[in-house]
Every structure is written in C-alpha cells, then in structure tokens.
Amino acid sequence: MSRISPLAGSRLLLLLFLLLTALAAAPAAPRAAEAPKQGILLVAFGTSVPEALPAMEAVDKEFKQAFPGEPVIWAYTSQIIRKKIAAQGRPVGGISDGLAQLAKDGAKVVRVQSLHIMAGEEFSALERAVLIDLQKNPGRFDAVYLGRPMLESAADARALAAAVNAETKTLRGKNAALVLMGHGQEHGRAGLTFEGVRALFHNQDKHVFMATVEGERSFDDLLKELKAAKVKSVVLSPLMLVAGDHARNDLAGDEDDSWASRLKAAGFKVTANLKGLGQVPGARAILVQHAKNATDDLTKEPRKK
C-alpha cells in the first residue's frame, strides 16, 4: 500500500485551506426580496349603539380571516360618534388616526376598505380624507389601495339580493313582503345607484320593496307600492351595515312616526329584523372581495390607457 509523503500531505492541506477560505469569502446568494408588510383600514360612519356592535365584530372577524397576520384597524368618520364612544371608554379613531397606526405597525401597503353601502356623500368624504393625509405624509406608504363600497355593480346587487333573501326567508314565510330601509342622502348622491339596486331586487322578487330615510324614495312612495301590490304582512330590515339608531328608531321604533308604527296604523302586520348587513355572510364577502380586488392606488397618478 502506497503512503502519502509528508510534502504531498502538506500541499493537500494547503489546497484544502485555500478552498475553504475562498468559499467563506464568497458573497452569499442574494435573498429574495421580502414583500412589504400590508395592513387593512376599515372605514365606517360608526355607531354608538351597543346592540349594533355584532355587525362590526362580524366584519372585523371576516377581514382578519381573509387577511391573516395583517393588522386590521378601524376608523369612524363621524366625529360625534367618535367623541361619544370615547367617553364610554371604547375609542375608535378617524381616518388619519388609523393610517398613523398602520404606519406605526410597519405597514407599507395599505388597503382602505369602505364599509359604506353605496358611493354617496360619506364615501366622497372618505376618499378626500385619505388623499389629504397622504399629502401631509408623503412617502409613508408604498401603496394605498381604496376598496369601493358594497354595491358597485349589478353583480354586487345580485349577490346581496341572494344573501338578504336567504337571511330573511324564515321570517317572511310564504306571504310577507320584505321592506328594506336605505339611508339615502338629501342631495341625491347615490340616488341613481339606489334606484338601480331597488329595481334589481324587485325584479328578482316582486315582494321586495325599498325606501330611504333621506332622499327621493320616501316612506309615502313605499306605502303606495305596498298597497298597490295588496301586501298584508311585511318584514322590516335595514339596508345598512349595522342595525343602529335608524334601524331601531326610524324603522322599528315605537314612536308614531317610525315606519313600523305607520305601517301598523295602515293595517299591515309588521315584523322587524334588526340585523345589519354586517351580520349577513354574503354581504361581508362582497366587502372582502372589493378589498382584495382594489387596484386604485391613491399614492400614484391614474394610469392613462
């Protein structure tokens, strides 16, 4: 058996040492760039009615499941409600507060999701507030995507109609009509969208009727339609995110001027369904989908095609 000479062994050790030294000095393979941290800002008008909170809680849970590991922050646009609930010990900030919190949490890509039902006055104010905050804090985020309200397309309205009909099917039974109360807006913003949604719901089910607290489609219009359709029994339900003050007072309250009282006075049998759309799974799914599909980056100029 041949033996390695001491000189050859030394050379072999030297070569091995040089090889290991070169490997240690070689630059490490570049790591794949990590995706920037994302965060969600949910924006609603807000509510100070404790009984309305289950709708908010259901929406919160839905978004946390849809965007696991990402911070989900809430913002209320109503200063009156923010002040009121802060005094109750459960503060919720405004839009600028929510964006600041997401920045503090390290988010670089933000999805601002409107929880409004249609793009009316409140949605316009939301968009302005986000843009003003971005102007005051340039470069804070890489991207800020704005998710549209619940009802933007005919597909949204069809999906919501199916979800609401399923939710109220048991209460309605065989003969009761469904009466939905929308908020509306006195200057008519989103009024045309509301009329389109109303027509689509009614075309799918001739015993679904709608009117608004404010705006052109009034309770008197609703009453005429119900009488013309020879309706005898109705289920009242809010076409709003939560069953808050409007639902519990204007819609189903005991006061003489509530819809429930006026319908009873007109001879109708009335049942109230005090659940906001935030408690309807199909309605929450629309909002989540809008957040995921949002491509309108408010930090950049609109693309010209």
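How many bridges join strand 5 (residues 177-182) to strand 6, and in which sense do the two strands run? Five exercises on this predicted model start from there.

**Exercise 1. Lay out the open sheet.**

Task: Find the strand order, the edges and the pairing sense of the open sheet that holds strand 5 and strand 6.

Solution:
- Step 1. Begin with the opening pair. Strand 5 and strand 6 are joined by 5 bridges and run parallel. One point to check is Val179, whose bridge partner in strand 6 is Phe209.
- Step 2. Go to the next neighbour of strand 5. Strand 7 is joined to strand 5 by 5 bridges, and the two run parallel. Here Met181 has Pro238 of strand 7 as its bridge partner.
- Step 3. Add strand 8. It pairs with strand 7 over 4 bridges, in the parallel sense. Val235 finds its bridge partner in strand 8 at Thr271.
- Step 4. Write the order. The 4 strands read 6-5-7-8, the pairing is parallel, and the sheet is open.
- Step 5. Mark the edges. Strand 6 (208-212) and strand 8 (269-272) each pair on one side only.
- Step 6. Add the twist. Neighbouring strands are turned by 25° against each other on average, direction ignored.

**Exercise 2. Place two helices on the sheet.**

Task: State which strands helix 7 and helix 8 touch, and what angle each makes with strand 6.

Solution:
- Step 1. Recall the strand used for reference. Strand 6 runs parallel to strand 5.
- Step 2. Take helix 7 (residues 191-204). It packs on the sheet and touches strand 5 and strand 6. Its direction makes about 165° with that of strand 6.
- Step 3. Take helix 8 (residues 219-228). This helix also packs on the sheet, touching strand 5, strand 6 and strand 7 (233-238). Its angle with the direction of strand 6 is about 160°.

**Exercise 3. Decide how enclosed strand 7 is.**

Task: Is strand 7 largely enclosed or largely open?

Solution:
- Step 1. Sort the side chains by direction. Ser233, Val235 and Ser237 point one way, while Val234, Leu236 and Pro238 point the other way.
- Step 2. Apply the cut-off. Buried means under 20% relative accessible area. All of these residues are buried, whichever way they point.
- Step 3. Conclude. With 6 of its 6 residues buried, strand 7 is largely enclosed by the rest of the structure.
- Step 4. Set this beside the chain as a whole. Buried residues make up 43% of its 305 residues.

**Exercise 4. Examine the annotated site.**

Task: Which residues does the UniProt annotation "binding site" cover, and where do they lie?

Solution:
- Step 1. Read the record. The UniProt entry, which is unreviewed, gives His183, Glu214 and His246.
- Step 2. Test whether they gather. They span 64 residues in sequence, but no two of their C-alpha atoms are more than 10.9 Å apart, so they gather at one spot.
- Step 3. Check the pocket. His183, Glu214 and His246 belong to the lining of the largest pocket.
- Step 4. Locate His183. It sits in the loop between strand 5 and helix 7. Its relative accessible area is 34%, so it is partly exposed.
- Step 5. Locate Glu214. It sits in the loop between strand 6 and helix 8. At 29% relative accessibility, Glu214 is partly exposed too.
- Step 6. Look at contacts beyond four places in sequence. His183 is in contact with Thr212, Val213, Glu214, Met240 and His246. Glu214 touches His183, Gly184, Gln185 and Glu186.

**Exercise 5. Describe the pocket and the cavity.**

Task: Give the volume of the largest pocket and of the largest cavity, and say what lines them.

Solution:
- Step 1. Size the pocket. Its volume is about 1000 Å³.
- Step 2. Find its centre. The pocket is lined by 40 residues, and the closest to its centre are Glu122, His183, Gly184, Met240 and His246.
- Step 3. Name the helices. Two or more lining residues come from each of helix 3 (79-87), helix 5 (121-136), helix 7 and helix 9 (245-251). Helix 7 gives the largest share, 4 residues.
- Step 4. Turn to cavities. The whole structure has 1 cavity of 30 Å³ or more. The largest cavity holds about 50 Å³ of space.
- Step 5. List part of its lining. Among the residues are Val164, Leu180, Ser237, Pro238 and Asn273.
- Step 6. Name the elements. Helix 6 (154-172) and strand 7 give two or more residues to the cavity lining. The largest share, 3 residues, comes from helix 6.

Methods
Residues are numbered from 1 along each chain as its sequence is written. This is a predicted model: local features need pLDDT of at least 70, side-chain atom pairs count only at pLDDT 80 or more; totals for chains, interfaces and linings use all residues. Side-chain values use heavy atoms; hydrogens and water are left out. Two strands pair if DSSP finds at least two bridges between them. Axes are lines fitted to C-alpha atoms, for helices over the stretch in contact, and angles run from 0 to 180 degrees between N-to-C directions. Contact means heavy atoms within 4.5 Å. UniProt positions are given in the numbering used here, feature names are shortened, and annotations may be inferred rather than shown by experiment. On a 1 Å grid over the protein atoms alone, a cavity is a set of points where a 1.4 Å probe fits but cannot get out, and a pocket is an open set with protein on both sides within 12 Å along at least five of seven lines; lining residues have an atom within 4 Å of a point. Buried means under 20% relative accessible area, exposed over 50%, partly exposed in between (1.4 Å probe, protein chains only). Grid points are joined across faces, edges and corners, and a volume is the space filled by probe spheres set on the points.
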